[in-house]
Amino acid sequence: ISKAEIAIPSGAGWDYAGAYKYDGTTEYEVKLKGLDSILNMVSISYSGNKEKEAGTYNAEAVVSLTDSDNYVLVGNNVKPDGKAHYELQWQIARETINLGNLNWITVPDYTYDGTEKTAPKIDVSGISQENLDKIKIEYVGDIKATNAGTYEISVTITPIDSTVDLQYNLNTDNCEWKILKATYDMSEITFADKTFTYDGEE
């Protein structure tokens, strides 16, 4: 008596449409689909099909007959061991925000006038509001100054959500700015002539 054939359905394969989005908590799982018609006659074992962290993984599924004495499995993925083997490389990807090329806003040197001056900032006009809502921009260093001198400021840009990666190119990490000394115009000042005779006293 010959063994009866159990055919792997032509539509069988992985239930995976593309990379999952990493969120730090969800455990994702890839499984086979399209085997409903023979599920009562086979068992499926998986490896590498469940993960939580961002990365690229290799999953394998092995479909075996529950009654290999009376049945034989046939189909494109059936190997010499009589089992159907399915392999998949799958991914959990971190969201990446690309801010592109960033530059410091160019401002002319200040001139001292006794009032507080503010350092230049990064030009964010080319960043969409959607991405601006996802990042935090913090300035460090000489953010404000009053006296004449040369000052320096730096910036850190970080994603609000720690599971998101951030990409950008900044023309320079630090920005130098200046408050120039004021020039005092004495052209209108005159001194009254007066003659003194030396007597040894002030």
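**A walk through the strands, cores and rings**

Leaving aside neighbours within four places in sequence, Asn77 is in contact with Lys83, Ala84, His85 and Tyr86. That is a handy place to step into this predicted model. Asn77 belongs to the loop between strand E9 (71–74) and E10. With a relative accessibility of 27%, Asn77 counts as partly exposed. Across the sequence, Asn77 and Ala7 are 70 residues apart, yet their C-alpha atoms are 10 Å apart in space.

Let us step back to the whole chain. The protein has 1 helix and 18 strands. Its radius of gyration is 37 Å, well over the 17 Å that the globule rule gives for 202 residues, so the protein is more spread out than a compact globule. The C-alpha trace tells a matching story, spanning about 145 × 30 × 25 Å along the principal axes. Of the 202 residues, 25% are buried. About 13900 Å² of the protein is exposed, and carbon and sulfur atoms supply 44% of that area. As for contacts with a separation of 6 or more, 63% of them come from residues 24 or more positions apart.

Where is the inside of such a protein? The largest nonpolar core has 22 residues, and Ile8, Trp14, Val63, Leu73, Tyr86 and Trp90 are those with the most contacts inside it. Strand E8 (55–65) and strand E10 (84–93) each supply at least two residues of this core. Apart from it lies another core, of 18 residues, which includes Leu99, Leu102, Ile157 and Ile179. Back in the 22-residue core, Leu73 makes a good viewpoint. Not counting residues up to four places away in sequence, Leu73 touches Ile6, Ile8, Val42, Val63, Leu65, Val78, Gly82, Lys83 and Ala84. Two of these names are already familiar: Lys83 and Ala84 are also among the contacts of Asn77.

The next thing to trace is a sheet. E3, E10, E8 and E6 follow one another in that order in an open sheet of 4 strands with mixed pairing. Strand E3 (20–21) and strand E6 (42–47) stand at its edges with a single partner strand each, so one side of each has no neighbour in the sheet. In general, strands of a sheet pair through backbone hydrogen bonds, in either a parallel or an antiparallel sense. Starting from one edge, E3 and E10 pair in the parallel sense over 2 bridges, and Tyr20 has Ile92 as its bridge partner in E10. E10 is also joined to E8, by 9 bridges, and these two strands run antiparallel. Here Ala61 has Tyr86 of E10 as its bridge partner. At the other edge, E6 and E8 pair in the antiparallel sense over 6 bridges, with Val62 in E8 as the bridge partner of Ser45.

Now for the rings. The structure holds 8 aromatic pairs. One of them is the pair of Tyr20 and Trp90, which is edge-to-face, at 6.1 Å centre to centre and with 85 degrees between the planes. Tyr20 lies in strand E3 and Trp90 in strand E10, so this pair ties together parts that are 70 residues apart in sequence. Is Trp90 buried or exposed? Its relative accessible area is 0%, which means that Trp90 is buried. Trp104 and Tyr139 offer another ring pair: their centres are 6.1 Å apart and their planes stand at 55 degrees, so the pair is tilted. This pair, too, links distant parts of the chain, with Trp104 in the loop between strand E11 (96–102) and strand E12 (110–111), and Tyr139 in strand E14 (residues 135–141), 35 residues apart. Trp104 has a relative accessibility of 8% and so counts as buried. Ring pairs also link Tyr16, Tyr20, Tyr28, Tyr57 and Trp90 into a cluster.

Tyr20 leads on to one last stop, Asp15. Asp15 sits in the loop between strand E2 (13–14) and E3, and at 47% relative accessibility it counts as partly exposed. Setting aside residues up to four places away in sequence, Asp15 touches Tyr20, Lys31 and Lys33. From C-alpha to C-alpha, Asp15 and Val30 are 6.2 Å apart in space, while 15 residues separate them in sequence.

Definitions and conventions. Residues numbered from 1 in each chain as written. Predicted model: local features only at pLDDT ≥ 70, side-chain atom pairs only at ≥ 80, totals over all residues. Heavy atoms only, no water. Core = buried A, V, L, I, M, F, W, Y, C linked by side-chain atoms within 4.5 Å. Buried < 20%, exposed > 50% of the residue type's maximum accessible area, 1.4 Å probe, protein only. Contact = heavy atoms within 4.5 Å. Pairing = 2+ DSSP bridges. Phe/Tyr/Trp six-rings, centres within 6.5 Å; stacked < 30°, edge-to-face > 60°. Rg over C-alpha atoms; globule rule 2.2 N^0.38 Å. Areas by Shrake-Rupley, 256 points an atom, 1.4 Å probe, with all protein chains shown as cover.
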